[in-house]
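Trainee: Please pick one part of this model and take me through it closely. I'd like to see how it ties in with the rest of the chain.

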Amino acid sequence: MASRAISDLHPQLQPLAESFLRRCRDQGLDPLILCTWRSAEEQEALYQLGRGKPGAVATDARPGQSAHNAMLYGSPAARAFDAMPLLAGKPVTDPEHPHWHAMGEIAEALGLRWHGRSATQPHELPHFQLPLEI
Ligand SMILES: [Zn+2]
């Protein structure tokens, strides 16, 4: 089971994730963290979806290639988190829903990269990443 703990994020991403969550809630959004860090085994299982295993392709990143797999001094230090908006406690699955865009704008204002900008990768909609230059 992949981690949802803020403490498994890169030390520079942890305060940004906390600010992200607080700003979202201040604007009446209800963000749910789906994943922070995942192990190489969990990444491989995700990679096999739609390839060796039945289901839709979930990622193009092999183990070690995802920002979710990053380590620092032997400890989990993910450079990205996945989050989605809830509405009345239920996941917002419509990618056109304004809460997605509102979350993306809040993340970008904090200097994070929101992969929901790319219309060609709808499966990246929940992905918020620490830019490499930070
Ligand atoms: Zn992600």
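Mentor: Let's start with the zinc ion, whose donor residues follow the spacing H-x13-D-x44-H along the sequence. This is a predicted model, where local features need pLDDT of at least 70, side-chain atom pairs count only at pLDDT 80 or more, and totals for chains, interfaces and linings use all residues. Residues are numbered from 1 along each chain as its sequence is written, and side-chain values use heavy atoms, with hydrogens and water left out.

The protein donors are His-68 through NE2, Asp-82 through OD and His-127 through ND1, lying 2.0 Å from the zinc ion. A donor here is an N, O or S atom within 2.8 Å of the metal (3.2 Å for Na, K and Ca), and since water is not among the atoms, a site may look incomplete. His-68 and Asp-82 sit 14 residues apart and link distant parts of the chain: His-68 is in the loop between helix 2 (40–48) and strand 2, while Asp-82 is in strand 4. Helices (H or I, at least four residues) and strands (E, at least two) are DSSP runs, counted from the N terminus. Are His-68 and Asp-82 buried or exposed? Both are buried, where buried means under 20% relative accessible area, exposed over 50%, and partly exposed in between, using a 1.4 Å probe and protein chains only.

Now follow strand 4 (80–87), one of the elements that the buried residues of helix 1 pack against. The others are strand 1 (31–35), helix 3 (98–109) and strand 7 (127–129). On the helix side, the buried residues include Leu-13, Leu-16 and Phe-20. Just after helix 1, Gly-28 has a positive phi of about 85°.

Past strand 4, Ala-88 lies in the loop leading to strand 5 (90–91). Its phi is near 55°, a positive value in a residue other than glycine. Ala-88 counts as exposed because its relative accessible area is 81%.

Tyr-73, in the loop between strand 2 (71–72) and strand 3 (75–76), also has a positive phi, near 50°. Tyr-73 is exposed too, at 79% relative accessibility.

One more histidine to find is His-97, in the loop between strand 5 and helix 3. With a relative accessible area of 19%, His-97 is buried. Setting aside neighbours within four places in sequence, His-97 is in contact with Leu-87 and Val-92, contact meaning heavy atoms within 4.5 Å.
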